Amino acid sequence: MTKALNGEEVAKKIAKKFPGSIAAADKAAVVVTSKSLYQVAEFLKNTRTLDFDYLTNLTAVDYTDYFEVVYHLISLRHNHSVVLKARCYDRDKPAVPSVVSLWRAADFQEREAYDLMGIIFEGHPNLKRLLLWEGFVGHPLRRDYL
Amino acid sequence: MPLKEIDIAEGLKINSLMEASQQPIPDPDKWLDEEIRRNVLITTVDYVLDWARSRSLFPLMFGLACCAFEMIGAAASRFDIARFGMDIFRWSPRQADLMIVAGTLTWKMAPAVKLVYEQMPEPKWVIAMGQCAISGGPFRESYSVVPGINRIIPVDVYVPGCPPRPEGLLHGIRKIHEKIIRESIKKA
């Protein structure tokens, strides 16, 4: 069974390396500022003791006040997992950095989140709609759609 | 027996059979009625054509969602669609004349369905199987689902259910048969 790491402990390690990058942390997840997301993701992937080499899931949630992008990470070497989150408060242009260069799995998942939720992943090599067709108006999984 | 004698025996057998088989054996037709024995059959062209068409429908292999499994169930040995002359589901629309739209049709899939329908040769029939194909079902208000396939292609028979049981589909196919039997070449 994959061991879920305590988010607070992971947050401490991140805060030590990048002060001010943690927005919130609890047992279940680490919330980082969207500005420092790429740095933190790179740190989580390339640090030997953490070694999160596998992105199992990437999704987005609409909390009406803000969007939250959720990353489920797993380390195949250590067999442990962590949940990383980033919030964007700009409803018109919610943007987080793309992590495709770290995990290839993020490619389609980010396109899906862009398609259905309208999150803009800055630095994505091919950010276009995945499930809906070109020319579709709006992002249907948003709370204020329709 | 020496080899040469075997050859001679074989040759004699062939020659005698050839000699005895100069005339064709008459077909056993004593069991037939007098009129049929003289090859006289009286019927209408419509009757024969509709009879032939309705009993050899070729459905198109086509499944969009969970209804497809009920369609597969109808095709397999338990419900056995072959009883109605529909042994083979055709992969190519050009060899099919019945389209069973089994499942949810999304707007992204709709152009493909329309194209496949247009590729089927006339005459052709369509069954809308399940609530999604009939009206969009639970996804009717959705942004991505076609609210009823009759927006895309004309439908002959609607089979309700979510999903319909194989018996339901077979009933729908029987309805198609009834529809075909009433057709006339005069109108076509």
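This short talk walks through a predicted model, beginning with chain A and ending with two features of chain B.

Hi everyone, and thanks for coming. Please keep in mind as we go that this is a predicted model.

Let's start with the overall picture of chain A. How many helices and strands does chain A have? It has three helices and eight strands. If you follow the sequence from start to end, the order is β-α-β-β-α-β-β-β-β-α-β.

Now for the dimensions. Along the principal axes, the C-alpha atoms of chain A occupy a box of roughly 45 × 30 × 30 Å. For a compact globule of 146 residues we would expect a radius of gyration near 15 Å, and chain A, at 15 Å, agrees with that. As for the interior, 32% of the 146 residues of chain A count as buried. There is also a number for contacts across the sequence: taking contacts in chain A with a separation of 6 or more, 44% are between residues 24 or more positions apart.

Next, please find strand E6 of chain A, residues 80-88. Which strands pair with it? I'll take three partners in turn.

One partner is E1(A), residues 3-4, which runs parallel to E6(A) and is joined to it by two bridges. Here A:Ala4 has A:Ser81 as its bridge partner.

Another is E3(A), residues 30-33, also parallel to E6(A), with four bridges. Look for A:Val31, which sits opposite A:Lys85.

Then comes E5(A), residues 67-75, which runs antiparallel to E6(A) with nine bridges between them. In this pair, A:Glu68 faces A:Arg87 across the strands. While you are looking at strands, here is a handy rule: side chains in a regular strand alternate between the two faces of the sheet.

E5(A) and E6(A) also make a hairpin, with four residues in between. One residue in that turn deserves a closer look. A:Asn79 has a positive phi of about 55°, although it is not a glycine. Is A:Asn79 buried or exposed? With 10 other C-beta atoms within 10 Å, A:Asn79 is exposed, because 12 or fewer is the cut-off for that label.

A:Asp51 is another non-glycine residue with a positive phi, near 55°. You'll find A:Asp51 in the loop between helix H2 (37-46) and strand E4 (54-62) of chain A. A:Asp51 has 17 other C-beta atoms within 10 Å, so it counts as partly exposed.

Let's move over to chain B, where I'd like to show you a pair of helices. In general, two packed helices are described by the angle between their axes and the distance between the axes. For H4(B), residues 67-75, and H7(B), residues 166-181, the axes come within 8 Å and cross at roughly 75°. These two helices are therefore roughly perpendicular to each other.

Which residues meet there? From H4(B) we have B:Glu70, B:Met71, B:Gly73 and B:Ala74, and from H7(B) we have B:Pro166, B:Leu169 and B:Leu170. Sorted by type, the residues of this contact are five nonpolar, one polar and one charged.

Finally, two cis peptide bonds in chain B. One joins B:Glu122 and B:Pro123, with omega about -10°. B:Pro123 lies in the loop between helix H5 (110-119) and strand E3 (125-129) of chain B. The other runs from B:Cys162 to B:Pro163, with omega near -10°. B:Pro163 belongs to the loop between strand E4 (157-159) and H7 of chain B.

That's my tour, and I'm happy to take questions!

Conventions:
Residues are numbered from 1 along each chain as its sequence is written. Chains are lettered from A and ligands numbered from 1 in the order in which they are written. This is a predicted model: local features need pLDDT of at least 70, side-chain atom pairs count only at pLDDT 80 or more; totals for chains, interfaces and linings use all residues. Axes are lines fitted to C-alpha atoms, for helices over the stretch in contact, and angles run from 0 to 180 degrees between N-to-C directions. Angles under 35 degrees count as roughly parallel, over 145 as roughly antiparallel, 65 to 115 as roughly perpendicular and the rest as oblique. Two residues are in contact if their C-beta atoms, placed from the backbone, lie within 7 Å. Ala, Val, Leu, Ile, Met, Phe, Trp, Tyr, Cys and Pro count as nonpolar, Asp, Glu, Lys and Arg as charged, and the others, Gly among them, as polar. Two strands pair if DSSP finds at least two bridges between them. The radius of gyration is taken over C-alpha atoms; the globule rule is 2.2 Å times the number of residues to the power 0.38. A residue is buried if 20 or more other C-beta atoms lie within 10 Å of its own, exposed if 12 or fewer, and partly exposed in between; C-beta atoms are placed from the backbone.
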